[in-house]
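Me: Hi, could you walk me through this model? I'd like to start with the basics and then chat about the details.

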Amino acid sequence: MKISLLKLFLIFIKIGAILLGGGYVILPIMQSEFSEKRKLVTQEELVNYFALSQSLPGIIAANMTMFIGYKLRGKFGALSAMFGVIFVPFWCIVLLASVLGKFVNNTYVQGALWGVGVGVVAMIILTTREIWQKSNRTLYFYIIFLLSLISILIMKISPIQTIILFSISGILFKSFQRKRGINK
Amino acid sequence: MIYLLLIYEFFMIGLFSFGGGYATIPFLYHISEIYGWYSLDELTQMVAVASITPGPVGINTATYAGLKTSGILGSLLATTSEMIPSFILVIIVSKILNKFSENFYVKVLLETLKPIGCALLASVAVGLLKPTLYDYKAMILLGILILLSWRSKKDPLYYLLISGIVGILLRL
């Protein structure tokens, strides 16, 4: 049974609309839509996609959307899922931004923005801690972490350049290590 | 010209950000510093709005940043450019699903991206903490939020709502 591109687009509009908070709620939503209701993707495949989505670079929810769209209808499926999932959030942001523009001088709106701004800082600190805890902290991890921190904070090298620099050095270092291991 | 820069910057974010919605903030922070398309205050405002509206935070921030930079077209370009790397990567990975996670270079790359991503976020935390140091109310609220979420973290939305309400109450 094949699902139409339009139907896929519509399902993802719904998913985008109810996706609130972190990207982690996407798995249960996808399970109910694609595995329980429609039986298009198995539970196991979804968990697999979710794990891969987290280990690939990019936005987790975007990766997940692409995996399912691509599995169901190929490249066009992935694209229609992509445009579906951003549909409601897109217009919400555009609307809210214009409304906010009018009320931004209101003292209560400013108070709320100040508060949420502090909340965002807390969330960033907690996310840092979360990645830290979830990682397998080897000596290699500590060294790369420290060098990246120096590169960004002190040497003011851009995030992308830092990533490229250390990814290449990491690959060179590990390849060298592997070669020496084989030669022994 | 600004559109090309916008596409480039957000494509790179989609390609290099790692570890969920807030992981894109270091890149947005950097964009604000070098292009000045929006101020740091506006950045926190953007992240706040992106967190309380439906949709993935990482994508919502792109929509908002694009909007600030060059209107609705910018918004659409930033959002889609940020998702295109996922499109390409997922197609490649779907085709070589089994071989992918066993590949040596892929393994090393993933192992390396984690500490870098962690350092990127830590540096943004430091950058955003600096202005907070001069605002004792913000320091107290931040301390309380971290204490509340340190043991068991609920959905970020929950803490953002609390802090928003505190912000309103302080103005009464």
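What follows is a short chat about the two chains, their contact and some salt bridges.

Me: What should I know before reading the numbers?
Reply: This is a predicted model, where local features need pLDDT of at least 70, side-chain atom pairs count only at pLDDT 80 or more, and totals for chains, interfaces and linings use all residues. Residues are numbered from 1 along each chain as its sequence is written, chains are lettered from A and ligands numbered from 1 in the order in which they are written, and side-chain values use heavy atoms, with hydrogens and water left out.

Me: Thanks! How many helices and strands does chain A have?
Reply: Chain A has 7 helices and 0 strands. Helices (H or I, at least four residues) and strands (E, at least two) are DSSP runs, numbered from the N terminus.

Me: And is chain A compact or spread out?
Reply: Chain A is more spread out than a compact globule, because its radius of gyration is 21 Å, well over the 16 Å that the globule rule gives for 184 residues. The radius is taken over C-alpha atoms, and the rule is 2.2 Å times the number of residues to the power 0.38. Along its principal axes, the C-alpha trace of chain A spans about 60 × 55 × 25 Å.

Me: What about chain B?
Reply: Chain B has 8 helices and 0 strands. Its C-alpha trace spans about 55 × 40 × 30 Å along the principal axes.

Me: How much of each chain is buried?
Reply: In chain A, 49% of the 184 residues count as buried; in chain B it is 56% of 172 residues. Buried means under 20% relative accessible area, exposed over 50%, and partly exposed in between (1.4 Å probe, protein chains only).

Me: Let's move to the interface. How many residues take part?
Reply: Chain B gives 96 residues to the contact and chain A gives 87 residues. Contact means heavy atoms within 4.5 Å.

Me: What area does that bury?
Reply: About 8500 Å² is buried between chain B and chain A, and carbon and sulfur atoms give 81% of that. Buried area here is the accessible area (1.4 Å probe) that two parts lose on being put together, summed over both.

Me: Which salt bridge crosses the interface?
Reply: The side chains of B:E111 and A:K174 meet in a salt bridge, at 3.2 Å from N to O. The rule finds 1 salt bridge across this interface, a salt bridge being a side-chain nitrogen of Lys or Arg within 4 Å of a carboxyl oxygen of Asp or Glu. B:E111 is partly exposed at 33% relative accessibility, while A:K174 is buried at 16%.

Me: Which element of chain B gives the largest share of its side of the contact, and what classes of residue are there?
Reply: The largest share of the side of chain B that touches chain A comes from α4(B), with 23 residues. By class, that side has 61 nonpolar, 25 polar and 10 charged residues. Ala, Val, Leu, Ile, Met, Phe, Trp, Tyr, Cys and Pro count as nonpolar, Asp, Glu, Lys and Arg as charged, and the others, Gly among them, as polar.

Me: Zooming in, what does A:L100 touch?
Reply: Not counting residues up to four places away in sequence, A:L100 touches A:V109, A:L113, B:Q45, B:V49 and B:Y64. A:L100 lies in helix α4 (residues 60-103) of chain A and is buried, with a relative accessible area of 15%.

Me: Back to salt bridges. How many are there over all chains?
Reply: A search of the whole structure finds 6 salt bridges. One of them joins A:K71 and A:E45, at 2.8 Å from N to O. A:K71 lies in helix α4 of chain A and A:E45 in helix α3 (residues 43-55), so the pair ties together parts that are 26 residues apart in sequence. A:K71 is partly exposed at 36%, and A:E45 is partly exposed at 24%.

Me: Which residues are linked in a network of salt bridges?
Reply: The network links A:K14, A:E33, A:K37 and A:R38. Within it, A:E33 forms a salt bridge with A:R38, the closest N and O atoms being 2.8 Å apart. A:E33 is buried at 2% relative accessibility, whereas A:R38 is partly exposed at 25%.
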